[in-house]
Amino acid sequence: NKTQCHCFKELIKFHNSIFESSNTLRAENLQLSIQNEKLRLESLEISRRSTPQDGKSSERIQALEQKILHQQEELTELHRRKGENAQQLIDLNVSLQDKERKLVLKEASLTESAQVIESLNSQIHSLKTSINELERMNQMLKDEHQALQLAFASLEDKLRRTQDENMELVERLISIKSKDADRMNEEHEGFVRKRQQKMQRELEDAAREGGASNRGSHGSNYSSSPDIGFLGCSVPTGVILRFDAHDGEVNAVKWSPVDRLLATGGADRRVKLWDVSKGVSENRGILVGSNAAVMSVDFDSTGTLILASSNDFASRVWTVADQRLRDNFLLSCNLIKEILELADESK
């Protein structure tokens, strides 16, 4: 742009100098025309006054004629230079107009480029703002992710400890149950022995009171069969059927009141129906819809509906026939708070 302005200044300066030179030549041409006219008039006046015999006048006339001829040549040269200057002036005017058009185009292009630059600058500013905002959000998400990872690690550690404690409690419970079963079996066996001894003494007393003949025959019969008329029972100590019901802990088990159907609820948020009447576990259906571990299950009196409660503070009812969810009861926050307060008080 500076180079173009400098070229335009030089062109305008050259145009002004040519215009001034043309004006000067025009003034000189006018002066020479006037002098030529004066000389021509003087020549005519001298030619009227002088005679052919006058030698000095003839020489003067020749000198004047030569001067006029020289002036005419100079006038012709000035006319030629005037024409050249005029043509050059026209060419310069055309070139100046062309330069002005180019200058206008350049200025328009410069204005458009300035607008584009301004628009691009605004876009750059907007993109920088967006980048900063995304960086802040990214950092916030990184912080949240790190916090969640820490919380997850803590919960995983807590879950592992809880599972270990649960396994220990289960083992302790199994051991206690086994001890209770052994103790109950021992007590029952003692009770059975005492009862058999009591019945044997009563039979012996009755046989002694009956008579000698009868005593001999009946006494031998009773002594050989002391357990007649008594059917003993004991607590079961062996496993009849074992199967994996859920992917995790089994929290609830319930028998159907009308069918040989078993319902189980577990930590995998499912209620499953099992048929164990044939000595094997046959899955009769899976009831889904809980959002947390199922903690309790129960049938109605007709065995057509099944109720399950879970750790999401909700109870759900399914139909056994089509295994579809019928109702979903969600406890309110106030009721949950009251239940938790009652649990704390009971502890």
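S290 touches R269, S310, D312, R316 and W318, leaving aside residues up to four places away in sequence. S290 sits in the loop between β4 (282-287) and β5 (294-299), and it counts as buried because its relative accessibility is 9%, where buried means under 20%. Keep in mind that this is a predicted model. Here's a quick tour of the rest, from the overall layout down to single residues.

**Overall layout**

- The protein chain has four helices and eight strands.
- Going along the sequence, the elements come in the order α-α-α-β-β-β-β-β-β-β-β-α.
- Of the 347 residues in the protein chain, 19% are buried.
- Take the contacts in the protein chain with a separation of 6 or more: 43% of them are between residues 24 or more positions apart.
- The protein chain shows about 26700 Å² of accessible surface, and carbon and sulfur atoms account for 54% of that.

**Salt bridges**

- Side chains of opposite charge can pair when their charged atoms come close.
- Searching the whole structure turns up ten salt bridges.
- One of the pairs is R136 with E133, where the closest N and O atoms are 2.3 Å apart.
- Both R136 and E133 belong to helix α2, and they're three residues apart, or about one turn of the helix.
- E133 is partly exposed, given its relative accessible area of 36%.
- D298 and K254 also meet through their side chains in a salt bridge, at 4.0 Å from N to O.
- Since D298 is in strand β5 and K254 is in strand β1 (residues 250-255), this pair ties together parts that are 44 residues apart in sequence.
- D298 is partly exposed, with a relative accessible area of 35%, and K254 is partly exposed with a relative accessible area of 35% too.
- D275 and R284 make another salt bridge, with 2.7 Å between the closest N and O atoms.
- D275 is buried, at a relative accessible area of 8%, whereas R284 is partly exposed at 43% relative accessibility.
- E77, R80 and E84 go beyond a simple pair: they're linked in a network of salt bridges.

**Surface patches**

- D164, E165, E168 and E171 form a negative patch on the surface.
- E165, one of that group, is found in helix α2, which covers residues 55-210.
- E165 counts as partly exposed because its relative accessibility is 48%; the exposed class would take over 50%.
- There's a nonpolar surface patch as well, made by V116, L120 and I124, with about 240 Å² of accessible area together.
- I124 from this nonpolar patch has its place in helix α2.
- With a relative accessible area of 41%, I124 is partly exposed.

**Backbone oddities**

- Most residues other than glycine have a negative phi, and most peptide bonds are trans.
- F313 goes the other way, with phi near 60°, a positive value in a residue other than glycine.
- You'll find F313 in the loop between β6 (305-310) and β7 (314-319).
- F313 counts as partly exposed, since its relative accessibility is 39%.
- Q323 isn't a glycine either, yet it has a positive phi of about 55°.
- Look for Q323 in the loop between β7 and β8 (325-330).
- Q323 is partly exposed, with a relative accessible area of 27%.

**Worth a second look**

- To see the S290 surroundings in the model, bring up R269, S310, D312, R316 and W318, which S290 touches.
- For helix α2, the residues to pick out include E165, I124, and the R136 and E133 pair.
- For the strands, β5 and β1 are where D298 and K254 lie.
- For the loops, S290 is between β4 and β5, F313 is between β6 and β7, and Q323 is between β7 and β8.

Terms used. Residues numbered from 1 in each chain as written. Predicted model: local features only at pLDDT ≥ 70, side-chain atom pairs only at ≥ 80, totals over all residues. Heavy atoms only, no water. Patch = residues over 30% accessible without salt bridge, like charges linked within 9 Å, V, L, I, M, F, W, Y side chains within 5 Å. Areas by Shrake-Rupley, 256 points an atom, 1.4 Å probe, with all protein chains shown as cover. Lys, Arg positive; Asp, Glu negative; His and termini not counted. Charge placed at Lys NZ, Arg CZ, Asp CG, Glu CD. Helix = DSSP H or I, 4+ residues; strand = E, 2+ residues; numbered from the N terminus. Buried < 20%, exposed > 50% of the residue type's maximum accessible area, 1.4 Å probe, protein only. Contact = heavy atoms within 4.5 Å.
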